[in-house]
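Here are a few exercises to work through with the model open in your viewer. Try each task before reading its solution.

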Amino acid sequence: MARALRNKPGFYLLTRFLNSSSPAFLAYRRWLQTIAYEEVQVSTERPYNSTAFVIHGLLGSGRNWRSFSRNLAATLSNSSPSSVLLQNNWRMVLVDQRNHGSSADLEDLYPPHDIVNAAQDMANLVRSQGWDWPDVVMGHSLGGKVALQFAESCARGDYGESAALPKQSLWAILPAPSNKKYHWMDAEFVEYCYSCQIKQKKGSNNHEDNWEQLLVLDSVPGKVNPENSDGEVEKVLETLQNLPSSVPSRKWLVNHMMELGFSKSLADWIGSNLKKSGEHETWAFNLEGAVEMFNSYREMDYWSLLENPPQGMEITIVRAEKSDRWDPDVIQRLETLAARQRNASEGTVSVHLLPNAGHWVHVDNPKGLLDIVAPKLASLG
């Protein structure tokens, strides 16, 4: 069931998700002078103590990641120890990037519409709300490069001295007792890690205090090869640019996209970005601005960040098995970086392959993606 409040500036939309088999979820959408966003929590009965920013890809919006974020939050809640004091209550902040979703009509998000300004929007949101800086930043496709830019700008001090990189405690690599084997979802394992964390905070010098964590989902970190201009995303953009600004209905659009050779799941996803305008449907995104952002995505290069991640930073790259944007040399370069032995003064890079998924990872294989992402967040404190 859902109840919507008036969405005037300064008000918020409260949506409550209820069913018999899962906890209640609360999602709050606020319209700000900065970008719009939505919050997802398993429970609001106690305050959140960890925050993840989720940054959607091109032509998407935060709501596209709502279902995945709800499942992720529920999985993390179920993996927490039974003690309320030790439970980690996650808040997922699903942003609408400039030119997308509820941010598309905001007039104060000035050009240029590029990756640098999109990352700056994230920092402005944190400061405008008086929040702590997020514990995790996860970005898909275009959002993946925004996440990389956000981390790079934080490390460089572009957002001011108070800006902090996403933090990950070293629970995942603390040595477990030699006579005991654990699974990451076991409450006893989390209890054990928590006890190590307490000892560490009391002055142990055996581990770093925290790590910085980024999750980059099917986003090539370097410049896009100009020869790769006929990929699925490019074909979608070309198709949309050749359509009128309004279409008769979502059903018409889905059928039209499928007639052009696109899959039904992709056509349905594109159709979900329509909004009612009189007797017709119009786009929920600013197509011209989105194309500018995509052009910036193609030009930005973050190999230097992956080659030399700041001390304590882990950058996790998730590559979709059936994605059409990964050249063999790029894959080899990433795997070489992931295998590199690094000293304590360097960060790390890890690479994961998501099977049975094309570029739209959260649509094609949400369970597989959850199995990769949840353990990362479950180790956070």
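Buried, in these exercises, means a relative accessible area under 20%, and exposed means over 50%. Keep in mind that this is a predicted model.

**Exercise 1. Get an overview of the chain.**
Work out what share of the residues counts as buried, and how many helices and strands there are.

*Solution.* Start with the secondary structure: the protein chain has 12 helices and 12 strands. Next, apply the burial cut-off, and 54% of the 381 residues come out as buried. Finally, look at the contacts with a separation of 6 or more: 74% of them are between residues 24 or more positions apart.

**Exercise 2. Describe how H2 packs on H3.**
Find the angle and the distance between the axes of H2 and H3, then say which residues make the contact.

*Solution.* Two numbers are needed first, because a pair of packed helices is described by the angle between the axes and the distance between them. H2 covers residues 115-129 and H3 covers residues 142-156; their axes are 8 Å apart, at an angle of about 70°. Angles of 65 to 115 degrees count as roughly perpendicular, so H2 and H3 are roughly perpendicular to each other. As for handedness, the H2 and H3 crossing is right-handed. Now pick out the contact itself. H2 brings in Ile115, Val116, Ala118, Ala119, Met122 and Ala123, while H3 supplies Leu142, Lys145, Val146, Gln149 and Phe150. Sort these by class and the H2 contact with H3 has nine nonpolar residues, one polar and one charged.

**Exercise 3. Check the backbone between E5 and H2.**
Which peptide bond is cis, and is Asn99 buried or exposed?

*Solution.* Go to Pro111 and Pro112: the peptide bond from Pro111 to Pro112 is cis, with omega near 5°. Pro112 sits in the loop between strand E5 (90-95) and H2. Asn99 is in the loop between E5 and H2 too. Asn99 isn't a glycine, yet its phi is positive, about 70°. At a relative accessible area of 4%, Asn99 is buried.

**Exercise 4. Look at Asn356 in the same way.**
Where does Asn356 lie, and what is its relative accessible area?

*Solution.* Place it first: Asn356 is in the loop between strand E12 (348-354) and helix H11 (361-364). Its phi is near 55°, again a positive value in a residue other than glycine. Then check accessibility: Asn356 has a relative accessible area of 53%, so it is exposed.

**Exercise 5. Map the surroundings of Arg91.**
Which residues does Arg91 touch, leaving out those up to four places away in sequence?

*Solution.* Arg91 belongs to strand E5 and, at 1% relative accessibility, counts as buried. With those sequence neighbours left out, Arg91 touches Glu39, Val40, Gln41, Tyr48, Ser50, Thr51, Ala52 and Trp131. Take Gln41: it is 50 residues from Arg91 in sequence, but the C-alpha atoms are 5.0 Å apart. Now for the side chains. Arg91 makes a polar contact with the side chain of Glu39 at 3.4 Å, and another with that of Thr51 at 3.1 Å.

**Exercise 6. Finish with Thr75.**
What does the side chain of Thr75 reach?

*Solution.* Find Thr75 in helix H1 (residues 66-79). With a relative accessible area of 16%, Thr75 is buried. Its side chain reaches the backbone oxygen of Asn71 at 2.8 Å. For a longer-range view, Thr75 and Val42 are 33 residues apart in sequence and 9.7 Å apart in space, C-alpha to C-alpha.

Notes: Residues numbered from 1 in each chain as written. Predicted model: local features only at pLDDT ≥ 70, side-chain atom pairs only at ≥ 80, totals over all residues. Heavy atoms only, no water. Axes fitted to C-alpha atoms, helices over the stretch in contact; angles between N-to-C directions. Helix = DSSP H or I, 4+ residues; strand = E, 2+ residues; numbered from the N terminus. Parallel < 35°, antiparallel > 145°, perpendicular 65-115°, else oblique. Left-handed = near helix turned anticlockwise from the far one by under 90°. Contact = heavy atoms within 4.5 Å. Nonpolar A, V, L, I, M, F, W, Y, C, P; charged D, E, K, R; others polar. Buried < 20%, exposed > 50% of the residue type's maximum accessible area, 1.4 Å probe, protein only. Polar contact = N/O pair within 3.5 Å; in protein donor to acceptor, adjacent residues only side chain to side chain.
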